[in-house]
Amino acid sequence: MRNRTLDLRQLWGEGWCITLAPRSPQSALHAMGVQEIEPLPGDLATAFAGRDPRNGPPVLLAAAPLDDVWSIIAECEASTGWVGMHSDVLSSLASPGRPACTAFSDPNKLFVEFCEDASQPCGIEPRTNRRWGPYSQRAIESLRLVGFPDGYATEEEPVPEPDREAVGALLVMQAITGIQLRHEHLTGPWTGGLSSKTAP
């Protein structure tokens, strides 16, 4: 079950956010505050090349299908906060039996948050296994199955891939959603648009 090949920090650097949602790309983008959706040119680097995070909102979101149910939504601007980390966004993206899940990376920070069945969001810091929110038994057991201990990480009970936090974040997302993100999932085709959602 482990994802040892895709490391988003190696691929995209320190600043990024991805959301896995049990929605079509268009439905997910609408829930994330995008009103005008259109095809984006080329790969993600091309799509985001003209954006300057210092300009503030609106924020560009890019979405692509993973399969018939799931989509990935990517963003690389955090001047107003990551859109995928809004609690109302996560709860609106979740559906019964299918949690919505977001991972974000900033310098010296990497967190994952998820929401099950429109409940209050839960979170985890993959490096330390610090958690917050009302974890369901299903989430606890799913994380345990991929190697995360129930309590804080220790030398005796470490988290998986402690030297590659971004890989650990994708492993958390896989445990929560059942989706193992792979390189081919990042090739598009991408659709997207501007979201003017304010900071969470």
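This briefing describes the fold, the cores, one stretch of strands with its neighbouring helix, and some backbone details of a single chain.

The model is a predicted one. Its chain has 200 residues, of which 52% count as buried, and the secondary structure comes to 6 helices and 9 strands. Among the contacts in the chain with a separation of 6 or more, 63% are accounted for by residues 24 or more positions apart.

**Nonpolar cores**

- The largest nonpolar core holds 42 residues, and within this core Ile-18 and Ile-72 are the residues that touch the most other members; helix α6, which runs over residues 165–177, gives the most to this core, contributing 8 residues.
- Once neighbours within four places in sequence are left aside, the contacts of Ile-18 include Ile-72, Ile-73 and Ala-74, together with Cys-101, Thr-102 and Ala-103.
- Ile-18 is also in contact with Leu-8 and Trp-12, and, further along the chain, with Leu-170, Met-173 and Leu-181.
- Apart from this core there is a second, separate one of 16 residues, whose members include Leu-29, Met-32, Val-34 and Val-59.
- As a general background to such cores, nonpolar side chains tend to be buried together in soluble globular proteins.

**Strands β6, β7 and β8**

- Strand β7, residues 122–125, pairs in the antiparallel sense with strand β6, residues 109–115, over 3 bridges, and Val-112 is the residue that stands opposite Ile-124 of β7.
- Strand β7 also pairs in the antiparallel sense with strand β8, residues 130–132, again over 3 bridges, and here Arg-130 of β8 is the bridge partner of Glu-125.
- In a regular strand the side chains alternate between the two faces of the sheet.
- In β7 both faces are covered, with Cys-122 and Ile-124 buried on one side and Gly-123 and Glu-125 buried on the other.

**The loop between β7 and β8**

- The hairpin formed by β7 and β8 has 4 residues between its strands, and both Thr-128 and Asn-129 are placed in this loop.
- The side chain of Thr-128 makes a polar contact of 2.8 Å with the side chain of Glu-125, the residue of β7 that has Arg-130 as its bridge partner in β8.
- Not counting residues up to four places away in sequence, Thr-128 touches Tyr-152, Ala-153 and Val-159.
- Asn-129 has a phi near 70 degrees, which is a positive value in a residue other than glycine, and Asn-129 counts as buried because its relative accessible area is 3%, under the 20% limit.

**Helix α5**

- Helix α5, residues 137–145, has Ala-139, Ile-140, Ser-142 and Leu-143 among its buried residues; seen down the helix axis, the buried residues of α5 fall within an arc of 165 degrees, and therefore line one face of the helix.
- The elements that cover the buried residues of α5 include the strands β6, β7 and β8 as well as helix α6, the helix that gives the most residues to the largest nonpolar core.
- Following α5 comes Gly-147, which has a positive phi, near 110 degrees.

**Cysteines**

- The count of disulfides in the model is 0; Cys-122 is in no disulfide, and the nearest cysteine sulfur, which belongs to Cys-115, is 7.5 Å away, whereas a disulfide requires the two sulfur atoms to be within 2.5 Å.
- Cys-122 is buried, because its relative accessible area is 2%, and Cys-17 likewise counts as buried, at 0% relative accessibility.

**Other backbone details**

- The peptide bond that runs from Gly-188 to Pro-189 is cis, with an omega near 5 degrees, and Pro-189 is placed in the loop between α6 and strand β9, residues 191–195.
- Asn-108 lies in the loop between β5, residues 100–106, and β6, and has a phi near 70 degrees, a positive value in a residue other than glycine.
- Asn-108 counts as exposed because its relative accessible area is 79%, whereas Asn-129, in the loop between β7 and β8, is buried at 3%.

Notes
Residues are numbered from 1 along each chain as its sequence is written. This is a predicted model: local features need pLDDT of at least 70, side-chain atom pairs count only at pLDDT 80 or more; totals for chains, interfaces and linings use all residues. Side-chain values use heavy atoms; hydrogens and water are left out. Buried means under 20% relative accessible area, exposed over 50%, partly exposed in between (1.4 Å probe, protein chains only). Helices (H or I, at least four residues) and strands (E, at least two) are DSSP runs, numbered from the N terminus. Two strands pair if DSSP finds at least two bridges between them. A nonpolar core is a set of buried Ala, Val, Leu, Ile, Met, Phe, Trp, Tyr and Cys residues joined through side-chain atoms within 4.5 Å. Contact means heavy atoms within 4.5 Å. A polar contact is a pair of N or O atoms within 3.5 Å; within protein, one must be able to donate a hydrogen and the other to accept it, and residues adjacent in sequence count only if both atoms are side-chain atoms. The arc is that of the directions from the helix axis to the C-beta atoms.
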